[in-house]
Amino acid sequence: MRRSFLLTLVVFVSTSAFAAQPGTVQGKIIFNGKTMPLSSVYAWKALDYDGKRVKTHLLLSAEKVPDAALADDFAKIDLGKAGKLHGVEVEFNAEGDIVSGTFYTDAKDGYFSASGMHNFEKKAMTPTSIEGRLSMEKEDDFGGVKYFYDAMFKTPIAPVHKAK
């Protein structure tokens, strides 16, 4: 009994230690003509695959995202498949350039990756916060899914989560 309590406590502390604080966002995302207001924004730092470089993730979504799902790509995909996550996530390199993007939606297997169309108008970007406009110039199409987004946001950036 005591062992299961300690395991539960460790899991709770590990997941709650990651908790990205939501910021403010005003904007919209559109999938196949269905417009949804963006209501949640999250940002967090993560180590790159080599474990040496730090990257920054930014997620704009129409729904609140559970803390445990933020750093778990498969959990976000599952939320997208279930129609519980409609949003866009971009990844910034250490220089502040967008290097990748992922859209979450039930319109396409929960997600699809798309890069090259994301525009970031930086108002401020520090190691602990990010503010600006993230948008696309025009609607695009991926495998029959038409999509578009445009949003102004401001949010703190959670530090790199370190396993204990």
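A polar contact is a pair of N or O atoms within 3.5 Å, where, within protein, one atom must be able to donate a hydrogen and the other to accept it. The legends below use this term for close-up views of a predicted model.

**Figure 1. Overview of the protein chain, with its helices and strands.** The protein chain holds three helices and eleven strands, and when it is read along the sequence these elements follow the pattern α-β-β-β-β-α-α-β-β-β-β-β-β-β. Of the 164 residues in the protein chain, 39% are buried. Among the contacts with a separation of 6 or more, 50% are accounted for by residues 24 or more positions apart. The accessible surface of the protein chain comes to about 9,500 Å², and 55% of this surface belongs to carbon and sulfur atoms.

**Figure 2. Close-up of Glu63, a buried residue without a salt bridge.** Glu63 is found in the loop that runs between strand β4 (54-61) and helix α2 (67-70). Although Glu63 is buried, the nearest side chain of opposite charge, that of Lys34, is 7.3 Å away; a salt bridge needs a side-chain nitrogen of Lys or Arg within 4 Å of a carboxyl oxygen of Asp or Glu. The side chain of Glu63 does make a polar contact with the side chain of His86, at 2.7 Å. Leaving aside residues up to four places away in sequence, Glu63 touches Ser39, Ser40, Gly83, Lys84, Leu85 and His86.

**Figure 3. Close-up of His118, a residue in the loop between β7 and β8.** The loop that contains His118 joins strand β7 (110-113) to strand β8 (119-125). His118 counts as buried because its relative accessible area is 11%, and the cut-off for a buried residue is under 20%. The side chain of His118 reaches the backbone oxygen of Ala114 at 2.8 Å, and it also makes a polar contact with the side chain of Tyr149, at 2.6 Å. When residues up to four places away in sequence are not counted, His118 touches Val88, Val90, Ile98, Gly101, Phe103, Ser135 and Tyr149.

**Figure 4. Close-up of Thr155, a buried residue in strand β11.** Strand β11, which covers residues 145-156, contains Thr155. With a relative accessible area of 2%, Thr155 is buried. A polar atom of the side chain of Thr155 lies 3.2 Å from the backbone nitrogen of Gly23. Thr155 and Leu58 are 97 residues apart along the chain, and their C-alpha atoms are separated by 9.1 Å.

Notes
Residues numbered from 1 in each chain as written. Predicted model: local features only at pLDDT ≥ 70, side-chain atom pairs only at ≥ 80, totals over all residues. Heavy atoms only, no water. Helix = DSSP H or I, 4+ residues; strand = E, 2+ residues; numbered from the N terminus. Buried < 20%, exposed > 50% of the residue type's maximum accessible area, 1.4 Å probe, protein only. Lys, Arg positive; Asp, Glu negative; His and termini not counted. Contact = heavy atoms within 4.5 Å. Areas by Shrake-Rupley, 256 points an atom, 1.4 Å probe, with all protein chains shown as cover.
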